[in-house]
Protein chains: 2
Amino acid sequence: MFDPLGYAPAYLRVSELIRGRILRRELTEGAALPTETELARQFEVNRSTVREALRKLESSGLVGRRRGGKRLYVTRPTREAVGGGLSQALALHRTRVVDVWEALQSVQPGIAAAAALRRSDAALARLERVARRFAGRHADRAQAVADVAEFFDALGEASGNPVFVLLNEPLLGLLKPSLAIIIDRVPQARSRIEAAQAEVVAAVRARDAATASEWMARHVRDFRRGYEVAGIALSTEVGETPDAALS
Amino acid sequence: MFDPLGYAPAYLRVSELIRGRILRRELTEGAALPTETELARQFEVNRSTVREALRKLESSGLVGRRRGGKRLYVTRPTREAVGGGLSQALALHRTRVVDVWEALQSVQPGIAAAAALRRSDAALARLERVARRFAGRHADRAQAVADVAEFFDALGEASGNPVFVLLNEPLLGLLKPSLAIIIDRVPQARSRIEAAQAEVVAAVRARDAATASEWMARHVRDFRRGYEVAGIALSTEVGETPDAALS
DNA sequence: GGAATCATATTGTCCGACAATCAGACAGGC
DNA sequence: GCCTGTCTGATTGTCGGACAATATGATTCC
């Protein structure tokens with residue numbers, strides 16, 4: 001009958017108030033936040049309370065520190081921050097590699113099509129560079145995985161759609177570990193990836209959305225074959241490698 | 001030449017340590033965290049430091065409080081928590097409605113196909129219920145929008161793929177405001193949505209992936225028509241309505 | 001068994017303090 | 001002129017202690 005009358009601790013209200021200012025663009029990216037003492041004075045709360053609020057904003061990626069800096073600045077959540085949150089959530093939701101694969105299969109052709117339609121020359125250049133790099137050096141396993149991921153990323157950028165860019169990050173992050181195994185165990189993996197990338201790049205250059213989409217679908221479908229050949233169970237759960245992230 | 005020698009403040013290390021335990025499932029969902037004082041004792045830091053660490057975990061949705069409760073429990077990030085982070089990030093990345101629409105168009109057909117292939121009877125029942133509800137009451141604008149969103153959500157659930165469920169949330173959240181305008185201004189919007197939902201439901205019931213996918217694509221494509229008819233510029237930026245979230 | 005009562009533990013918030021270090025000014029040497 | 005070293009002040013990270021409000025759990029009573 002009655003909703004509980006909402007009570008919010010001060011650190012939450014402070015955090016929400018600052019968050020609102022940032023989202024409303026009253027605090028624009030790159031602007032320095034007032035110092036903790038100053039914030040405490042303005043909100044009329046203790047500095048400890050302000051600090052708790054700031055920690056919240058910090059971990060949503062809305063504010064951050066410049067390298068080695070002390071003060072906090074307003075920032076946009078980076079790809080990594082957003083992706084980290086999502087992939088962490090997926091890991092806890094018992095997501096399996098096949099789920100990630102299915103999502104990739106569903107979204108990548110659309111990205112490729114959009115990239116083909118709207119790519120800039122610079123974006124095309126990056127795409128070509130990445131593909132060339134992957135094809136060029138057949139040495140390191142970790143590097144190869146990173147190159148493949150960067151190809152996806154470059155394609156997302158080429159699409160000019162920030163949604164695609166942000167979606168790519170967590171999916172690739174979850175894909176990487178199993179991709180590494182595939183590259184290790186499936187001899188023909190590298191050449192097939194290389195071929196698919198070449199076709200996609202060509203289609204994107206020619207602004208041929210249909211072909212780009214088609215080859216990208218094929219590219220992703222290949223991963224599934226890769227799982228099977230490499231002997232990775234499709235029901236394997238993706239697990240966030242709990243990075244220490246600190247020294 | 002030299003990498004910066006990483007220094008991490010104590011609150012960060014504490015937060016990462018706890019986060020690691022959760023991700024490694026050593027702290028399982030629903031378990032109560034030790035009290036702040038106890039954590040401070042174990043980590044040998046001050047309680048203030050522990051609290052800052054907890055605020056970080058809190059905002060990534062890894063720990064939470066039970067309604068009106070005092071202690072913290074380990075939780076999985078809810079759909080809303082994840083979606084909120086993503087849509088907040090998208091809003092700050094100057095995402096336009098057309099970007100969101102394009103992403104939906106790329107991902108929804110895949111979801112519909114997966115749902116058709118794997119839907120359980122319970123999931124089908126929910127899908128039918130939601131569609132019927134939308135068709136049944138033609139009254140409230142806000143309710144209609146919520147119903148449409150829930151249809152997407154139900155389809156995601158039916159796919160049995162947590163990735164889809166988690167991706168849907170933020171995209172729908174960003175879509176809603178403009179969808180409300182469409183429903184207000186475009187007279188035939190409701191009947192077209194209703195028709196598309198009916199076809200999708202039928203295809204999902206029949207486990208016909210191709211048809212489900214096709215109608216879902218059509219459904220989403222209709223939104224774009226809706227934007228044009230309603231006079232919404234495709235380049236409109238999606239803006240997070242900065243919810244107060246507190247009273 | 002269920003309801004009211006009470007003691008205890010825990011959180012939210014405050015205050016004050018101090019060391020480390022970052023930022024900027026300033027001077028000196030090549 | 002530019003780099004280096006030095007100094008000063010401001011700011012953050014961390015600590016210890018304190019107290020009110022209230023959730024938690026045990027206890028008693030019907």
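The following questions and answers concern a predicted model of two protein chains with two DNA strands.

Biologist: How is chain A divided into domains, and how far apart do the C-alpha centres of domain 1 and domain 2 of chain A lie?

Modeller: The assignment splits chain A into domain 1, covering 10-74, and domain 2, covering 80-246. Between the C-alpha centres of domain 1 of chain A and domain 2 of chain A, the distance is 35 Å.

Biologist: How many residues does each chain bring to the contact, and what area do chain A and chain B bury between them?

Modeller: Chain A brings 62 residues to the contact, and chain B brings 62 residues. Of the area buried between chain A and chain B, 59% is on carbon and sulfur atoms. The buried area itself is about 5,400 Å².

Biologist: How many residue pairs are in polar contact between chain A and chain B, and how many salt bridges cross the interface?

Modeller: Between chain A and chain B, 24 residue pairs are in polar contact, counting pairs with both residues at pLDDT 80 or more. One of the salt bridges joins the side chains of A:E102 and B:R118, with 2.8 Å from N to O. Across the interface of chain A and chain B, the number of salt bridges is eight.

Biologist: Which helix of chain A gives the most to the side of chain A that touches chain B?

Modeller: Several helices of chain A each supply at least two residues of this side, including helix 4 (79-92), helix 5 (97-118) and helix 8 (162-185). By class, the side of chain A that touches chain B holds 29 nonpolar, 12 polar and 21 charged residues. The helix of chain A that gives the most, with nine residues, is helix 5.

Biologist: Which residues come nearest to DNA strand C, and into which classes do the residues of the surface near DNA strand C divide?

Modeller: There are 19 residues around DNA strand C, and the nearest are A:A10, A:N46, A:T49, A:K70 and B:R47. Helix 1 (10-23) and helix 3 (47-59) of chain A, together with helix 3 (47-59) of chain B, each supply at least two residues of this surface. The residues of the surface near DNA strand C divide into five nonpolar, five polar and nine charged.

Biologist: Which part of DNA strand C holds 65% of its atoms within 4 Å of the protein, and which side chains have a polar atom 2.9 Å from a base oxygen of DNA strand C?

Modeller: Of the atoms of DNA strand C within 4 Å of the protein, 65% belong to sugar or phosphate, and the rest belong to bases. Among the contacts with bases, a polar side-chain atom of A:R47 lies 3.4 Å from a base nitrogen. A base oxygen of DNA strand C is 2.9 Å from an N or O atom in the side chain of B:R47, and a distance of 2.9 Å to a base oxygen is also found for a polar side-chain atom of B:K70.

Biologist: Which helix gives the largest share of the surface near DNA strand D?

Modeller: DNA strand D is surrounded by 18 residues, among them A:R47 and B:T49, which belong to the closest. A polar side-chain atom of A:R47 lies 2.8 Å from a base oxygen of DNA strand D, whereas the side chain of B:T49 has an N or O atom 2.8 Å from a phosphate oxygen. The largest share of the surface, three residues, comes from helix 3 of chain A.

Terms used: Residues numbered from 1 in each chain as written. Chains lettered and ligands numbered in written order. Predicted model: local features only at pLDDT ≥ 70, side-chain atom pairs only at ≥ 80, totals over all residues. Heavy atoms only, no water. Near = heavy atom within 4 Å. Polar contact = N/O pair within 3.5 Å; in protein donor to acceptor, adjacent residues only side chain to side chain. Helix = DSSP H or I, 4+ residues; strand = E, 2+ residues; numbered from the N terminus. Nonpolar A, V, L, I, M, F, W, Y, C, P; charged D, E, K, R; others polar. Contact = heavy atoms within 4.5 Å. Buried area = accessible area lost by both parts, 1.4 Å probe. Salt bridge = Lys/Arg side-chain N within 4 Å of Asp/Glu carboxyl O. Domains from an automatic or database assignment.
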